[in-house]
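Trainee: I would like to learn how to read pockets, cavities and cores from a model. Can we take them one at a time?

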Amino acid sequence: FAPWRSNFSITKSRAILTTPAGRKVNQKYNQINKNHMIMGFVFLLLLLLTNVQIRTSLAFLSQTNLYKETSSNLNMVTTSTDENEGGVIMLSGYPFYLRGADPKALAEVADKNRVLLESIFSSQMKSFNRMGSSTIDGLAGTPVCDIVVELSPWPMTDETKGKMAIAGYEYKGVGSHTSQDEWFFGGEGKPGHLGRVVLHTVPEGSEFVRDMNAFVEYVKTHPNAFQRYNDVKVKGAVCMSKKSMEDGKLLGYKREKAEVCDKIKEEAIEWWIKRETKTKDT
């Protein structure tokens with residue numbers, strides 16, 4: 001260790017820096033240091049931003065993977081128009097609401113069609129009733145509004161069918177439920193969606209009306225029936241949503257639920273008849 005050498009070197013360096021050439025070297029050195037500091041600051045900022053972006057991307061990927069996993073199992077999406085905040089399974093392009101479609105929206109569809117049908121049938125229409133799953137709040141199903149009206153005389157004339165066509169109701173022939181049922185597709189919604197209507201027209205006093213009313217009231221007032229019907233509907237919809245083929249999912253869903261639906265309908269009719277008989281006796 002030689003202190004005198006260090007002191008000499010420091011003194012010599014200071015002397016050099018006081019010359020014009022030394023000052024230029026010093027300025028250049030300071031500029032390099034400043035540039036290095038700026039580059040270091042930019043690098044740290046980029047590193048921080050990159051870290052935030054990576055965290056955001058990972059969170060997004062996590063949510064995307066969760067969504068894909070859910071979609072692959074149920075083909076389910078959420079919809080802001082469903083006030084029940086329930087999921088919707090798409091069956092061949094038709095929405096199936098796991099908690100039922102919005103009851104208020106369905107009631108509005110029914111009321112609008114009631115007014116329209118009254119203007120067409122006038123006194124010929126003896127009753128107007130909603131029927132089917134969409135009538136029961138909270139029950140899984142499609143958002144189509146099923147309606148049955150009693151007419152007298154029945155069937156309607158060709159002239160009346162022409163008025164129905166102008167009003168947007170498409171004649172579909174004789175229904176599958178009973179031979180005395182002429183049915184129509186109508187409403188403002190596209191097929192299978194909210195606003196769509198399936199209309200049944202039957203003669204006054206038809207047992208079909210009684211049976212449909214019995215079914216709705218029975219499921220509404222019997223939790224076990226509600227749960228059985230809801231479970232088989234959801235199970236059938238989920239099962240069909242997993243099928244590789246796209247066409248025919250809605251029909252497949254209807255086949256899946258048919259047996260349980262028929263059993264509950266039998267129970268409902270028996271319950272209705274007993275209740276009516278008891279009421280008459282009292």
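Mentor: Start with the chemistry of the largest pocket. By class, 15 nonpolar, 11 polar and 8 charged residues line the largest pocket. Keep in mind that this is a predicted model.

Trainee: What is the volume of the largest pocket?

Mentor: The general idea comes first. Rolling a probe the size of a water molecule over the atoms shows where empty space is left. In this case, the largest pocket holds about 1100 Å³ of space.

Trainee: Which residues lie nearest the centre of the largest pocket?

Mentor: Look for Asp 146, His 177, Val 198, Lys 254 and Lys 257. They belong to a lining of 34 residues.

Trainee: Which helix or strand supplies the largest share of that lining?

Mentor: Helix H7 does, with 9 residues. H7 spans 249–281. Strand E7 (182–187), strand E8, helix H5 (207–221) and helix H6 (223–241) also supply at least two residues each.

Trainee: What is the volume of the second largest pocket?

Mentor: About 210 Å³. Helix H3 gives the most to its lining, with 6 residues. The lining includes Ala 105, Glu 108, Lys 112, Tyr 169 and Glu 188. By class, the second largest pocket is lined by 6 nonpolar, 3 polar and 3 charged residues.

Trainee: Now the enclosed spaces. How many cavities of 30 Å³ or more are there?

Mentor: The count is 2. The largest cavity has about 80 Å³ of space. Its lining has 14 residues, and Gly 100, Ala 101, Ser 133, Ser 134 and Leu 139 lie nearest the centre. Sorted by class, the lining of the largest cavity has 7 nonpolar, 6 polar and 1 charged residues.

Trainee: How should I think about a nonpolar core?

Mentor: In soluble globular proteins, nonpolar side chains tend to be buried together. Here the largest nonpolar core has 17 residues. Those touching the most other members are Leu 117, Phe 121, Met 125, Ile 147, Val 149, Met 164 and Leu 199.

Trainee: Which elements each supply at least two residues of this core?

Mentor: Helix H3 (103–121), strand E4 (125–131), strand E5 (145–151) and strand E8 (196–203) do. The largest share, 5 residues, comes from H3. A second, separate core has 14 residues, among them Ile 136, Leu 139, Val 216 and Tyr 229. Leu 139 also appeared among the residues nearest the centre of the largest cavity.

Trainee: Back to Met 125. Which residues is Met 125 in contact with, leaving aside neighbours within four places in sequence?

Mentor: Arg 114, Leu 117, Glu 118, Val 149, Glu 150 and Leu 151. For the protein, take contacts between residues at least 6 apart in sequence: 59% of them join residues at least 24 apart.

Trainee: What about the cysteines? How many disulfides does the structure hold?

Mentor: A disulfide is a covalent bond between the sulfur atoms of two cysteines. This structure holds 0.

Trainee: Is Cys 145 buried or exposed?

Mentor: Cys 145 counts as buried, because its relative accessibility is 0%. Cys 239 is at 30%, so Cys 239 counts as partly exposed. The cut-off for buried is under 20%.

Trainee: What percentage of the protein is buried?

Mentor: Buried residues make up 36% of the 282 residues. As for secondary structure, the protein has 7 helices and 8 strands.

Notes: Residues numbered from 1 in each chain as written. Predicted model: local features only at pLDDT ≥ 70, side-chain atom pairs only at ≥ 80, totals over all residues. Heavy atoms only, no water. 1 Å grid on protein atoms, 1.4 Å probe; cavity = no way out; pocket = protein on both sides within 12 Å on 5 of 7 lines; lining within 4 Å. Points joined across faces, edges and corners; volume = space filled by probe spheres on them. Nonpolar A, V, L, I, M, F, W, Y, C, P; charged D, E, K, R; others polar. Disulfide = S-S within 2.5 Å. Buried < 20%, exposed > 50% of the residue type's maximum accessible area, 1.4 Å probe, protein only. Core = buried A, V, L, I, M, F, W, Y, C linked by side-chain atoms within 4.5 Å. Helix = DSSP H or I, 4+ residues; strand = E, 2+ residues; numbered from the N terminus. Contact = heavy atoms within 4.5 Å.
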